[in-house]
Amino acid sequence: HIRMYTELKMFGEQDLKWYSVESKDEFRKEHLDWTDKLQHYKMGVYTRIYPEYMYETICKPIGEYYPILLDKSSNYNDESNTQSNCVKGYIGKPSCLIVSIRKGGNESFERATIEYKLTKQDDIVCVDRVQSLGKFNQKLEVEWTPILLKLDQQVLSCVRDKRFETVKL
């Protein structure tokens, strides 16, 4: 936290104050905010550009579960903040495709963060689910299994589509 405070001051943050002295929740929130600010100074803001059909296919609801294809720094930061994970660091990795699945609606806090990795073998694009985790990187309950399998099919369908293009950053 001290290092981050010092770095942010060096980047010119004039109104930076260390408020989190009373509670762990305040500290965590402040720490995530400072992490976001540092990331912005060091890496800028990203937008991942996917073909429109990928949104239509991947983001189809699965029962009461709503997949969201993450595509902007703000989406990654929100997911990382809500889930208390490090997914915001994946925005600049072109081989990763990140989907947030929200139970019950778009703004739900009951969600899973899913990482797919795209690779190429003999001119064929392959997709593998690498991680599927809940809040604080915890394993998902068994109820998520059929949802993840359906999402796997939706993602694979996108990759197999003749319109598929690798992500543009």
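Five aromatic pairs turn up when the whole of this predicted model is searched. One of them brings together Tyr5 and Trp18: the ring centres are 6.3 Å apart and the planes meet at 40°, so the pair is tilted. An angle of that kind falls between the two cut-offs, because planes under 30 degrees apart would count as stacked and planes over 60 as edge-to-face. Where do the two partners sit? Tyr5 belongs to helix H1 and Trp18 to the loop between H1 and H2, so this contact ties together parts of the chain that are 13 residues apart in sequence.

How covered are these two rings, buried, exposed or partly exposed? Tyr5 has a relative accessible area of 27%, and so it counts as partly exposed. Trp18 is partly exposed too, with a value of 37%. Both verdicts rest on the same scale, because buried means under 20% and exposed means over 50%, with partly exposed in between.

Tyr5 has another aromatic partner to meet, and this is Trp34. Their pair is also tilted, with 5.8 Å from centre to centre and 45° between the planes. Here the link spans distant parts of the chain, since Tyr5 lies in helix H1 and Trp34 in helix H2, 29 residues apart. Trp34 is buried, because its relative accessible area is 2% and the limit for that word is under 20%. Put the pieces together and you have a cluster: ring pairs join Tyr5, Trp18 and Trp34.

Let us stay with Trp18 for a moment. Its loop runs between helix H1, residues 2-10, and helix H2, residues 24-43. On the surface, Trp18 joins Ile2, Val21 and Phe27 in a nonpolar patch, and together these four residues offer about 410 Å² of accessible area. Trp18 can be a member because its relative accessibility is 37% and patches are made of residues with over 30%. So Trp18 takes part both in the ring cluster and in the surface patch.

Rings can also have a charged neighbour. Look at Tyr90, where Lys93 lies over the face of the ring, 4.5 Å from its centre. In a further example, Arg163 is placed over the face of Tyr53, at 4.3 Å from the ring centre.

Now step back to the whole chain. You can find five helices and four strands in it, and reading along the sequence gives the pattern α-α-α-β-α-β-β-β-α. The C-alpha trace spans about 50 × 35 × 25 Å along its principal axes. Of the 169 residues, 43% are buried. The accessible surface amounts to about 10100 Å², and carbon and sulfur atoms account for 53% of it. Among contacts with a separation of 6 or more, 59% are between residues 24 or more positions apart.

One last stop is Glu107, which you will find in the loop between strand E2 (96-103) and strand E3 (111-121). Is Glu107 buried or exposed? With 61% relative accessibility, Glu107 counts as exposed, because the word applies to values over 50%. Glu107 and Tyr66 are 41 residues apart along the chain, and their C-alpha atoms are separated by 9.7 Å.

Notes:
Residues numbered from 1 in each chain as written. Predicted model: local features only at pLDDT ≥ 70, side-chain atom pairs only at ≥ 80, totals over all residues. Heavy atoms only, no water. Patch = residues over 30% accessible without salt bridge, like charges linked within 9 Å, V, L, I, M, F, W, Y side chains within 5 Å. Areas by Shrake-Rupley, 256 points an atom, 1.4 Å probe, with all protein chains shown as cover. Salt bridge = Lys/Arg side-chain N within 4 Å of Asp/Glu carboxyl O. Helix = DSSP H or I, 4+ residues; strand = E, 2+ residues; numbered from the N terminus. Buried < 20%, exposed > 50% of the residue type's maximum accessible area, 1.4 Å probe, protein only. Phe/Tyr/Trp six-rings, centres within 6.5 Å; stacked < 30°, edge-to-face > 60°. Lys NZ or Arg CZ within 6 Å of the ring centre and 35° of its normal. Contact = heavy atoms within 4.5 Å.
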